[in-house]
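Subject: Handing over a structure

Hi,

Here is the structure I promised to pass on to you. Have a look at it first, and then read my notes below.

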Amino acid sequence: MRVHITSLYGMMGVVGVSQRRTAEIGRQLGFNELGIFRYPVESDTDVELSKRYDGISAGIGSGDIVIYQSPTFNGTKFDDYFITNLRWRYGQSVKVIIFVEDIVPMMYQGNEYLFPQVIDMYNKAHALIVASENMKEYLIEKGVVNPKIYVQNLWDLPEKVDISITPKFMKRISFTGNDGKFGIMDAFPESDVALEVYGSDKREDVPQNINFNPFISDEHVLLNKLREGGFGLVWAENEHVRNYMHYCNSYKVSTYLRAGIPVIAHKSISCAKLLEKNHWGILADTLEEAVDIIDNMSDEEYQKYIESVGKVGFLLENGYFTKKVLNEAIYGLYVDD
């Protein structure tokens, strides 16, 4: 018996990186990788799609386990075709676990009509891995009937940091990425707390305490820059994006925690309980509230956050959130606790 895990290629950005890193962690557990390339699937006839599927799944045999990272962004048709054909060809002899990393009908407004197809696909699996308890509950409300659902909680980030750098208390909040869909700069209050933005184009119509920095593509360099101190921001003023962050896992959370600095997030974020219980950051209803907390924080209070955040770095670096949920899902296929 073998365990296989899919991995997405031809996809830039966090989506492609996160899937390939998950597959790499799977390989560390002895899994076999099934490469899937993102392409214009609508150009395939049913015969061509069948041949493509055969090529991807050629190494799968009776009794194997397949962990399917979803979505592939090749469209619901491609993903459902893969799962359906796998079940049709092998029946119950091959176990299918769908690793739900994003949900297209939730990501993009106007795609809600795809939900019935997506839920139907999830119900064809023997088990699901989902981002958060919030997502688990939501999918059950939407019609998922699979009793075996396991929660990821955080993305792992297997990147080294310079441990000679000790994060210092600064009235500084860092935000990585393009602010276009988040709307943070328009809501960030003018104060003694600075917002350091990495990646967005410079704007003149913002408070003087917002500073623009070039995008840092080298993750190792970015982590060490963030590690200098202050806080990392995971936030959205946009209602749709904030609602999605209530269910999904943000890579930004793991980036800041791996850098060794506390996170600032909205109270509704999917990992809120984890952040609060482990003292990994500040939860607030508004940016004004978060800024006020930092403005009145002491160095001693900040160092307590640093001590707590430092403990999770080892787990993130070595893939333990992913290893834990993958092992739980495979174990659960055969054992009812």
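Let's start with K252, which counts as buried because its relative accessibility is 17% (buried means under 20% relative accessible area, exposed over 50%, and partly exposed in between, with a 1.4 Å probe and protein chains only). K252 sits in helix 9; helices (H or I, at least four residues) and strands (E, at least two) are DSSP runs, numbered from the N terminus. Apart from its neighbours within four places in sequence, K252 is in contact with F175, T176, F182, L233 and V234, where contact means heavy atoms within 4.5 Å.

Before you go further, note that this is a predicted model, so local features need pLDDT of at least 70 and side-chain atom pairs count only at pLDDT 80 or more, while totals for chains, interfaces and linings use all residues. Residues are numbered from 1 along each chain as its sequence is written, and side-chain values use heavy atoms, with hydrogens and water left out.

Y251 is in helix 9 too. Is Y251 buried or exposed? It is buried, as its relative accessible area is 10%. Skipping neighbours within four places in sequence, Y251 touches V14, V17, S18, R21, W155, D156, L157 and E219, all counted as contacts.

Some of those partners belong to helix 1, residues 13-28. At 1.5 Å a residue, its 16 residues should span 22 Å, and the end C-alpha atoms are 23 Å apart, so the two agree (the expected span is 1.5 Å times one less than the number of residues). Buried in helix 1 are V15, G16, S18, Q19, R21, T22, A23, I25 and G26. After the helix comes G30, with a positive phi near 95 degrees.

Now for the pockets. On a 1 Å grid over the protein atoms alone, a pocket is an open set of points with protein on both sides within 12 Å along at least five of seven lines, and lining residues have an atom within 4 Å of a point. The largest pocket has a volume of about 1,200 Å³ (the space filled by probe spheres set on the grid points, which are joined across faces, edges and corners). It is lined by 36 residues, with V14, V15, K181, Y251 and K252 closest to its centre. Which element gives the most to this lining? Helix 1 does, with six residues. By class, the lining has 18 nonpolar, eleven polar and seven charged residues (Ala, Val, Leu, Ile, Met, Phe, Trp, Tyr, Cys and Pro are nonpolar, Asp, Glu, Lys and Arg charged, and the others, Gly among them, polar).

The UniProt record (an unreviewed entry) lists K181, S250, Y251, K252, V253, S254 and T255 as "binding site". From this set, K181, S250, Y251, K252 and T255 are in the lining of the largest pocket. UniProt positions follow the numbering used here, feature names are shortened, and annotations may be inferred rather than shown by experiment.

The second largest pocket holds about 350 Å³ of space. Of its 14 lining residues, E133, N153, S270, K273 and L274 lie nearest its centre. Helix 10 (272-277) gives the most to that lining, with four residues.

Finally, the same unreviewed entry lists "domain: Glucosyltransferase 3-like N-terminal" at residues 3-153, a span with 42% helix and 21% strand. It also lists "domain: Glucosyltransferase 3-like C-terminal" at residues 173-329, where the chain is 43% helix and 17% strand.

Cheers

Definitions and conventions
1 Å grid on protein atoms, 1.4 Å probe; cavity = no way out; pocket = protein on both sides within 12 Å on 5 of 7 lines; lining within 4 Å.
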